[in-house]
Amino acid sequence: MPEPASPGPVTADDLDLAVRLAVAALRAAPAAAWDDRAGSLEWDCWETVEHLSDDLFAYAAQLGLRTPPLTANVPFLWESRRPGGPANAIHADRAAGPGGLLQVLEASGALLVSMVRTTPSSVRAHHIFGDADPEGFAAMGILETVVHTYDLTEGLGLPWSPPADVCARVIARILPDVPQDTDPWPTLLWATGRGDLPGHPRRTSWRWYSEPRP
């Protein structure tokens with residue numbers, strides 16, 4: 001049986017599309033719902049968008065130094081606003097409302113898109129799951145975006161289904177230990193402990209592999 005065709009590399013355009021679709025989906029949320037819990041997470045929806053924004057910002061920062069760090073994260077101060085809340089360097093001004101919160105998300109995504117577009121593919125920067133190249137950081141940013149938007153839309157009562165081809169490229173790049181020939185979006189949810197996949201036990205722990213592979 002022939003090997004399935006490669007879905008191709010993860011690109012800055014893929015990341016840009018994922019963030020744009022996420023922001024568009026979340027704009028439909030009722031203002032009163034942002035304090036509700038985000039799906040299966042222990043965070044509310046507002047905190048979860050801050051966490052996602054923080055992820056995208058932090059990945060951009062890792063690529064931003066002339067000599068990126070290979071042993072640690074850039075030492076921004078990450079702190080939680082409440083016990084059990086996410087520890088972020090990025091926090092949105094509550095006075096700006098949900099519209100301002102989504103601006104923070106869009107801006108953080110744009111920073112990472114720009115860094116992925118402009119950083120040479122030979123560059124490596126630290127991540128706990130493997131020192132990554134720009135494509136790896138793009139894939140990580142997309143994974144965080146699509147699965148946390150799933151958490152958010154679960155909590156906000158909104159539909160969400162990211163493009164299958166983008167999900168397939170993310171799976172191929174950073175999740176080599178999961179099935180590569182199943183429906184990409186359900187597979188990505190299963191891979192991150194958020195759904196079921198026929199023939200496979202439910203995952204209770206998971207990680208990705210962000211280092212480039214030969």
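The following exchange looks at a buried arginine, a helix and a pocket in a predicted model.

Local features in this predicted model need pLDDT of at least 70, and side-chain atom pairs count only at pLDDT 80 or more, whereas totals for chains, interfaces and linings use all residues. Residues are numbered from 1 along each chain as its sequence is written, and side-chain values use heavy atoms, with hydrogens and water left out.

Trainee: Why is Arg173 called buried?
Mentor: Buried means under 20% relative accessible area, computed with a 1.4 Å probe on protein chains only; Arg173 has 7% relative accessibility, so Arg173 counts as buried. Leaving aside neighbours within four places in sequence, its contacts (heavy atoms within 4.5 Å) include Asp133, Glu135, Tyr209 and Glu211.

Trainee: How do you know that the span of helix α1 agrees with what is expected?
Mentor: Helices are DSSP runs of H or I with at least four residues, numbered from the N terminus, and the expected span is 1.5 Å times one less than the number of residues. For the 15 residues of α1 (residues 12-26) that gives 21 Å, and the end C-alpha atoms are 21 Å apart, so the two agree.

Trainee: What puts the buried residues of α1 on the same side?
Mentor: Among the buried residues of α1 are Leu15, Ala18, Val19 and Ala22. The buried residues cover an arc, taken from the directions from the helix axis to the C-beta atoms, of only 165 degrees, which puts them on the same side of α1.

Trainee: What covers the buried residues of α1?
Mentor: The cover includes α2, α3 (97-118), α4 (134-156) and α5, and Arg173 has its place in α5 (residues 164-174).

Methods. Helix = DSSP H or I, 4+ residues; strand = E, 2+ residues; numbered from the N terminus. Buried < 20%, exposed > 50% of the residue type's maximum accessible area, 1.4 Å probe, protein only.
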